[in-house]
Amino acid sequence: MSTTRRAFLTAAVSAAGAAVTPGHGQTHEHSHDHGHDHQTVPSDPALRVKALESLLVEKGLVDRAALDVLIDTYEHKVGPRNGAKVVARAWADSAFRQRLLTNSDAAIAELGYGGLQGEHMVVLENTSKIHNLVVCTLCSCYPWPVLGLPPVWYKSAPYRSRSVIDPRGVLREFGLELPESVEVRVWDSTAEVRYLVLPERPVGTETMKEEELAELVTRNAMIGVAKVAAPKESGAA
Amino acid sequence: MNGVHDMGGMHGMGPIEVEKNEPVFHENWEGRSYAVTRAMSAWGKWNLDASRFQREQIAPVDYFQKSYYERWIIGLVELMLKTGLVTRTELDSGRPDAGTVKQSPPFTPEKVPILVSKGMPASRNVPVVANFHTGQLVRARNLNPVGHTRLPRYARGKTGRIDRDHGVFLFPDTNAVFLGEKPQHVYSVRFAARELWGDGTAPQDSVYLDLWDDYLEPA
């Protein structure tokens, strides 16, 4: 955590005179002018979650093996490499690209992807004239089947608050300066539709195969906060 | 509810901090929190909208102070208490209450790939008349419900144009509080950046929101 964010949080905490913190196992209804930081009972979320999981297992509410499989799924199987393959296919196959833009769910399913938090997909095509950017200002909605679980910055207050009011400033922070003439479209994921950006294919990739193209595609480009960079000169042609 | 979760357009939140090579879960407990939350939802005592609404009700100071998965756990604990899946004494002691019959978990390892690949579609295959059509000018209603809503404050009262009709979906405002699914059309509505934020923004820029029939009126 950076100093800036820490300072902000400290300010936010001290600015709040009285608050009720749910989930401590007891209710706090006293004034919070005495400055404790609400991390006391218990101090460590790791301990708290461990205790909770043990209780739920003991009550027969949760199967530990199912938790392991689910975690492994999102740590190792479902992630942005899926989306990169979709993008690469679209770059390599113009018929697929058309299907992807007109019936995104069916086209993505051709590669075997779909499901939880990606039940209703819409793919947005970035061009030299239109730049699409995806956010969820209300929580953290994100297309899991193609991008996996969202990074912390996507779920953070700075990104959620600013991307709709100052998308060009946000993009600049990511190192992307768009010409004034480009049209910026921000997509706030307020419903159960999930958005994937189809980035522009970089120049110099004309002879590359689909698998090589997929290697170039980044998660950030598929959210719309970056472009896909042209391949580095390797001399290996 | 007009909570701090509804942060589109707010200022003062600081720079965006991007972590290079960020892991999916930073610590073991984050993954466990994620997985326990999903596993407990399999009991069918609440739904996705209720989970979101529960997290929105976290006190503002905690909403900002707690990390993402801490908020998930806070929300989960509240939902479990409300629905009787756990008791306060069990949370305090860490042990099941005396005389509690051990249950059989509904979310088993073989259910994981099914959930992940099939998902839980919020669309509903029922005939519902669309109140609006593509290309139509609409205004987002000036609604300020104390309950759950997916109509952000920054769009209320603003005029936009229907870009596409996504079809029929359950309605989160009622679904979150178990008052029924109230299926209705959801539209992608294009709002000009200038309509939302004033003249300082680029004239061609826009923000698209997915909005339900009940959020809209003719403009």
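**Sheet and helix packing across the A–B interface**

In this predicted model, strand E2 (residues 159–169) of chain B pairs with strand E3 (residues 184–192) of chain B in the antiparallel sense over 7 bridges. Two strands are taken to pair if DSSP finds at least two bridges between them. Strands (E, at least two residues) and helices (H or I, at least four) are DSSP runs, numbered from the N terminus. Within the pairing of E2(B) with E3(B), Arg164(B) has Ser188(B) in E3(B) as its bridge partner. E3(B) also pairs with E4(B), again through 7 bridges in the antiparallel sense. There, Phe191(B) stands opposite Val207(B) in E4(B).

Residues are numbered from 1 along each chain as its sequence is written, while chains are lettered from A and ligands numbered from 1 in the order in which they are written. Local features need pLDDT of at least 70 and side-chain atom pairs count only at pLDDT 80 or more, whereas totals for chains, interfaces and linings use all residues.

The sheet continues into chain A. Strand E4 (residues 206–212) of chain B runs parallel to E3(A), to which 4 bridges join it. Arg185(A) has Ser206(B) as its bridge partner in E4(B), and Asp188(A) has Leu209(B). The result is an open sheet of 7 strands with mixed pairing, in the order E2(A)-E3(A)-E4(B)-E3(B)-E2(B)-E1(B)-E5(B). Strand E2 (130–135) of chain A and strand E5 (216–218) of chain B stand at the edges; each has a single partner strand, so one side of each is left without a neighbour in the sheet. From one strand to the next the twist averages 35°.

Over the whole interface, 81 residues of chain A are in contact with 84 residues of chain B, a contact being a pair of residues whose C-beta atoms, placed from the backbone, lie within 7 Å. On the side of chain A that touches chain B, two or more residues each come from helix H1 (3–15), helix H2 (45–58), helix H3 (64–77), helix H8 (152–155), helix H9 (157–162), helix H10 (167–173) and strand E3 (183–188) of chain A. H2(A) gives the most, with 12 residues. By class, this side of chain A has 44 nonpolar, 19 polar and 18 charged residues. Ala, Val, Leu, Ile, Met, Phe, Trp, Tyr, Cys and Pro count as nonpolar, Asp, Glu, Lys and Arg as charged, and the others, Gly among them, as polar.

Helix H1 of chain B takes part in three of the helix packings described here. Axes are lines fitted to C-alpha atoms, for helices over the stretch in contact, and angles run from 0 to 180 degrees between N-to-C directions. Angles under 35 degrees count as roughly parallel, over 145 as roughly antiparallel, 65 to 115 as roughly perpendicular and the rest as oblique. A crossing is left-handed if the near helix is turned anticlockwise from the far one by less than a right angle, and right-handed if clockwise.

Within chain B, the axes of helix H1 (residues 28–41) and helix H4 (residues 68–83) come within 9 Å and cross at roughly 30°. That angle makes H1(B) roughly parallel to H4(B), and the crossing is left-handed. H1(B) contributes Glu30(B), Ser33(B), Tyr34(B), Val36(B), Thr37(B) and Met40(B) to the contact, and H4(B) contributes Tyr69(B), Trp72(B), Ile73(B), Leu76(B) and Met80(B). These residues divide into 8 nonpolar, 2 polar and 1 charged.

From chain A, H2(A) packs on H1(B) at an angle of about 40°, with the axes 9 Å apart. The two helices are therefore oblique to each other, and H2(A) passes H1(B) in a left-handed crossing. Pro45(A), Ala46(A), Val49(A), Lys50(A), Leu52(A), Glu53(A) and Leu56(A) of H2(A) meet Trp29(B), Arg32(B), Ser33(B) and Val36(B) of H1(B). The contact has 7 nonpolar, 1 polar and 3 charged residues.

H3(A) packs on H1(B) at about 115°, with the axes 9 Å apart, in a right-handed crossing. Here Ala66(A), Leu67(A), Leu70(A) and Ile71(A) of H3(A) meet Gly31(B), Arg32(B), Ala35(B), Val36(B), Arg38(B) and Ala39(B) of H1(B).

The predictor gives the complex an ipTM of 0.98 and a pTM of 0.90. Chain B averages a pLDDT (the predictor's confidence in each residue, from 0 to 100) of 97, and 100% of its residues score at least 70. Chain A averages 86, with 80% of its residues at 70 or above. Over residues 1–42 of chain A, pLDDT stays under 50. Where pLDDT is low, the predicted coordinates should not be read in detail.

How values were computed
Contact = placed C-beta atoms within 7 Å.
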